[in-house]
Amino acid sequence: MGALPVFRWRLAPDGYATRRQLRARGLRPGGQDVAAQLERPRRRRGPLVAYLYRVDHAKPVRPMTPAKWAALAKANTARRTCPECGRDAGYVIPTSLGMCVTCAYPDECAA
């Protein structure tokens, strides 16, 4: 395989898309290799690079199965459950705290 074609930022031709752009259209790369790349120059560092895929080779996104929905719900519940008090905090527990805000700052929350 030869070198990838490189396009400047915002100047990619039609028919190419990033993963996010494919997802917004309800598509996925579908096992295809990267077809091209975008480069956005920066002043003091190397360029930002975005990989592009061919839209005509993309496949539709697989639908969520009931088992996948259940696994996602279980994972999100685990992220909201405080390991200290065991309650559902109603939000994702910050990894910087490792517990809900009420357990992390009991004096401030009691006032």
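## Salt bridges

Let's start with a charged pair: aspartate 88 and arginine 80 meet through their side chains in a salt bridge, at 3.3 Å from N to O. This is a predicted model, and 2 salt bridges are found in it. Both partners of this pair are partly exposed: aspartate 88 has a relative accessibility of 45%, and arginine 80 has one of 24%.

The other pairing to look at joins arginine 54 to aspartate 56, with 2.7 Å between the closest N and O atoms. Here arginine 54 is partly exposed, at 30% relative accessible area, while aspartate 56 counts as exposed, at 53%. As general background, side chains of opposite charge can pair when their charged atoms come close.

## Nonpolar cores

Turning inward, the largest nonpolar core is built from 6 residues, namely Ala17, Leu22, Leu27, Tyr53, Val55 and Ala58. A second core, separate from that one, has 5 residues, among them Phe7, Ala36, Leu38 and Ala50. In soluble globular proteins, nonpolar side chains tend to be buried together.

Tyrosine 53, a member of the largest core, is a good residue to click on. Setting aside neighbours within four places in sequence, tyrosine 53 is in contact with Gly15, Tyr16, Ala17, Thr18 and Arg19, and also with Leu22, Pro29, Gln32, Asp33, Val34 and Ala35. Of these partners, Ala17 and Leu22 are also listed in the largest core.

## Two buried polar residues

Threonine 18 sits in the loop between β2 (16-17) and α1 (19-24). Is threonine 18 buried or exposed? With a relative accessibility of 18%, threonine 18 is buried, because the cut-off for that class is under 20%. Beyond its neighbours within four places in sequence, threonine 18 is in contact with Ala50, Tyr51, Leu52 and Tyr53.

Glutamine 37 belongs to strand β4, which covers residues 36-40, and counts as buried at 13% relative accessibility. Not counting residues up to four places away in sequence, glutamine 37 touches Leu4, Pro5, Val6 and Phe7 on one part of the chain, and Val49, Ala50, Tyr51 and Leu52 on another. Ala50, Tyr51 and Leu52 thus appear among the contacts of glutamine 37 and among those of threonine 18.

## Cysteines without disulfides

How many disulfides does a search of the whole structure find? The search finds 0. Cysteine 82 is in no disulfide, and the nearest cysteine sulfur, belonging to cysteine 100, is 3.7 Å away. That distance does not qualify because a disulfide needs the two sulfur atoms within 2.5 Å. Cysteine 82 is buried, with a relative accessible area of 2%.

Cysteine 100 is likewise in no disulfide; for this residue the nearest cysteine sulfur is that of cysteine 103, 3.4 Å away. Cysteine 100 is buried too, with a relative accessible area of 4%.

## Around methionine 99

Methionine 99 lies in the loop between α2 and α3 (101-104). Leaving out neighbours within four places in sequence, the contacts of methionine 99 are Cys82, Pro83, Glu84, Ile93, Pro94 and Ala104. The C-alpha atoms of methionine 99 and alanine 89 are 9.1 Å apart, with the two residues 10 apart along the chain.

## Helix α2 and a surface patch

Met64, Trp69 and Leu72 make a nonpolar surface patch of about 310 Å². Leucine 72 is found in helix α2, residues 66-80, and is partly exposed at 40% relative accessibility.

Asparagine 76 also has its place in helix α2. Asparagine 76 is partly exposed, with a relative accessible area of 30%. For a sense of distance across the model, the C-alpha atoms of asparagine 76 and proline 5 are separated by 40 Å, the residues being 71 apart along the chain.

## A positive phi

One last stop is arginine 10, in the loop between β1 (6-8) and β2. Its phi is near 70 degrees, a positive value in a residue other than glycine. Arginine 10 is exposed, with a relative accessible area of 75%.

Definitions and conventions. Residues numbered from 1 in each chain as written. Predicted model: local features only at pLDDT ≥ 70, side-chain atom pairs only at ≥ 80, totals over all residues. Heavy atoms only, no water. Helix = DSSP H or I, 4+ residues; strand = E, 2+ residues; numbered from the N terminus. Buried < 20%, exposed > 50% of the residue type's maximum accessible area, 1.4 Å probe, protein only. Contact = heavy atoms within 4.5 Å. Core = buried A, V, L, I, M, F, W, Y, C linked by side-chain atoms within 4.5 Å. Salt bridge = Lys/Arg side-chain N within 4 Å of Asp/Glu carboxyl O. Patch = residues over 30% accessible without salt bridge, like charges linked within 9 Å, V, L, I, M, F, W, Y side chains within 5 Å. Areas by Shrake-Rupley, 256 points an atom, 1.4 Å probe, with all protein chains shown as cover.
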